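Biologist: I'd like to learn how to read a protein model. Could you walk me through one?

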Amino acid sequence: MTGCSVFSIFRRTELSGTFSRWSRRAARLGAGACLLFVPVAWAQRTQLKPGWNMFSPQQDVAIGEKAAKDATQQLPLCNDPKVDAYLTQLGKRLTAKAPTGGVQYPFEFHCVNDKSINAFALPGGFVFVNRGTIEVADNEAQLAGVMAHELSHVALRHGTNQASKAQFTQLGLGAIGAVLGDSNMGSVITHLGTFAAGSVLLKYSRTAETQADVMGTQILYDTGYDPRAMAQFFETLQAEGKGGAGKLAQFFSDHPNPDHRIERVEEEVDKLGGLPKDYRRDAPEFQAIKREVLALPAPPKAKAPGAGGKPAAPSKGFKSFQGTNFTLKYPDNWKQYGEGNAASFAPDGGVVQDRNAKAALAYGLIINVTDAQGDPNATDALEVSTGRLIEEIQHSNPGMRVVRKSERVRLNGQRALSTHLNSDSPMGGQETDWVITVMRPEGLLYIVCVAPEKETPAYDETFTAILDSVRFSH
């Protein structure tokens with residue numbers, strides 16, 4: 001589809017949130033009484049709570065597990081046991097102080113072989129830290145600050161809070177509910193679990209970033225680290241003294257820089273009562289791991305959109321996929337992402353970075369279910385629901401146009417519609433998006449076949465074979 005293609009269907013949405021703000025004067029007036037009952041650090045700290053969320057913490061874990069599985073397959077990991085063990089040890093020290101409301105998240109920590117300065121945490125506590133972040137950090141407290149910030153996103157459940165608000169406000173491909181099937185929570189979890197389509201879980205608002213800064217500062221304080229380390233790390237980034245502007249762009253793209261970020265961290269340190277006694281800044285273990293990371297083999301070179309050539313031709317051999325109420329076969333040299341009623345299939349090299357550095361499907365197929373529009377038993381239900389789906393796809397992908405209007409076809413003997421669209425390809429040039437829709441008891445099932453326009457004839461045989469293999473269970 002457009003630069004985002006079908007794979008990147010979510011729009012960034014700004015979250016709203018509130019902080020419990022106590023004036024410094026009130027804090028000082030109450031300091032004497034607070035000392036009699038609770039430590040000043042707890043009396044004055046900013047109180048933060050997770051926002052509205054349609055998901056449960058257990059679903060956070062389920063979503064995160066699926067996304068983490070895809071992330072480990074798609075990202076170049078360092079695969080250094082010493083580095084991962086160190087990150088896990090440091091992470092557990094921090095998670096012991098993270099206010100998760102009693103939820104026991106299965107925290108995991110991974111090092112990504114990427115020199116860009118970045119880190120991210122998926123719902124449920126699956127944390128990925130770029131080697132570039134370790135290399136640019138001056139001491140362990142600064143690395144702990146970055147990790148505490150990411151763990152705060154987990155504790156405050158920002159990822160699924162954002163997904164909930166996107167669902168509620170009906171953003172992204174017209175409506176996330178229209179894509180995921182809001183009557184089927186399992187489908188929601190399956191689709192959001194696809195890392196390539198999960199940017200909605202990782203693109204935070206400035207409000208969420210500020211909350212993570214504040215809670216991260218608290219975690220550093222409670223763990224005994226210098227709580228100023230987070231601000232110092234941000235100062236390093238803003239000064240662009242290390243790593244170069246290109247490496248910084250990724251961090252601030254994924255972590256929008258809120259106003260007065262450093263001042264907010266310093267203000268929270270004051271609320272906590274100043275620096276903790278005998279605070280920790282560095283450790284020999286960190287410097288040893290930093291040397292270990294600097295000695296790792298160079299990371300694979302990032303490919304520009306469309307670079308690296310086209311994927312291998314689809315295999316003539318096929319593997320079976322079992323959906324919720326259907327089966328299909330796909331080339332055995334393609335990979336499967338997702339499951340149930342929300343799955344995608346692509347060859348190696350079929351998922352690429354678009355111009356916005358987001359994962360986009362350039363070659364492959366996606367299948368999903370959306371709610372029917374109007375009366376699902378009406379004679380024109382298929383036409384009406386398909387028309388609405390096409391409108392939503394075009395709304396989310398400006399420049400996409402219908403090049404062949406909907407035509408009646410049969411899918412496993414059932415009445416279906418075939419629609420051809422055209423849009424910009426993340427590989428450069430144009431792509432063809434062939435959409436097949438059919439009414440099912442669970443809603444409108446749609447299949448999107450994607451390939452660059454010049455290669456569409458070569459892929460039509462494979463797409464037709466996949467469609468011919470579809471079998472419905474009832």
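Modeller: Let's go from the overall make-up to ring pairs, charges over rings and a pair of helices. Keep in mind that this is a predicted model.

Biologist: Okay, how many helices and strands are there in the protein chain?

Modeller: The protein chain has 17 helices and 15 strands. It has 474 residues, and 55% of them count as buried. Also, take the contacts with a separation of 6 or more: 69% of them are between residues 24 or more positions apart.

Biologist: Now the rings. How many aromatic pairs does the structure hold?

Modeller: Seven. To read a pair, look at the ring centres and the angle between the planes. Try F321 and F326: the centres are 6.0 Å apart and the planes are at 50°, so this pair is tilted.

Biologist: Why tilted?

Modeller: Planes under 30 degrees apart count as stacked and over 60 as edge-to-face, so the 50° of F321 and F326 falls in the tilted class. Both of these residues are buried.

Biologist: And what kind of pair do F321 and F345 form?

Modeller: That one is edge-to-face, with 5.1 Å from centre to centre and 80° between the planes. F321 is in strand β4 (residues 318-322) and F345 is in strand β7 (residues 342-347), so the pair ties together parts 24 residues apart in sequence. F345 is buried, and so is F321. Step back and you'll find a cluster: ring pairs link F321, F326, Y330 and F345.

Biologist: Which charged ends sit over rings?

Modeller: Here are two cases. R280 has its charged end over the ring of Y225, 4.3 Å from the ring centre. The charged end of R440 sits over the ring of F472, 4.0 Å from its centre.

Biologist: How do I read two packed helices?

Modeller: You describe them by the angle between their axes and the distance between the axes. Here, helix α11 (residues 206-223) packs with helix α14 (residues 261-271) at an angle of about 35°, the axes being 9 Å apart. The crossing of α11 past α14 is right-handed.

Biologist: Which residues of α11 and α14 make the contact?

Modeller: From α11 come E209, T210, D213, V214, T217 and Q218, and from α14 come R261, R264, V265, E268 and V269. By class, this contact has three nonpolar, three polar and five charged residues.

Biologist: Which residues of α14 are buried?

Modeller: R261, I262, V265, E268, V269 and K271. Then, just after α14, G273 takes a positive phi of about 100°.

Key
Residues are numbered from 1 along each chain as its sequence is written. This is a predicted model: local features need pLDDT of at least 70, side-chain atom pairs count only at pLDDT 80 or more; totals for chains, interfaces and linings use all residues. Side-chain values use heavy atoms; hydrogens and water are left out. Rings of Phe, Tyr and Trp (its six-membered ring) pair if their centres lie within 6.5 Å; planes under 30 degrees apart count as stacked, over 60 as edge-to-face and the rest as tilted. Buried means under 20% relative accessible area, exposed over 50%, partly exposed in between (1.4 Å probe, protein chains only). Helices (H or I, at least four residues) and strands (E, at least two) are DSSP runs, numbered from the N terminus. A charge sits over a ring if NZ of Lys or CZ of Arg is within 6 Å of the ring centre and within 35 degrees of the ring normal. Axes are lines fitted to C-alpha atoms, for helices over the stretch in contact, and angles run from 0 to 180 degrees between N-to-C directions. A crossing is left-handed if the near helix is turned anticlockwise from the far one by less than a right angle, and right-handed if clockwise. Contact means heavy atoms within 4.5 Å. Ala, Val, Leu, Ile, Met, Phe, Trp, Tyr, Cys and Pro count as nonpolar, Asp, Glu, Lys and Arg as charged, and the others, Gly among them, as polar.
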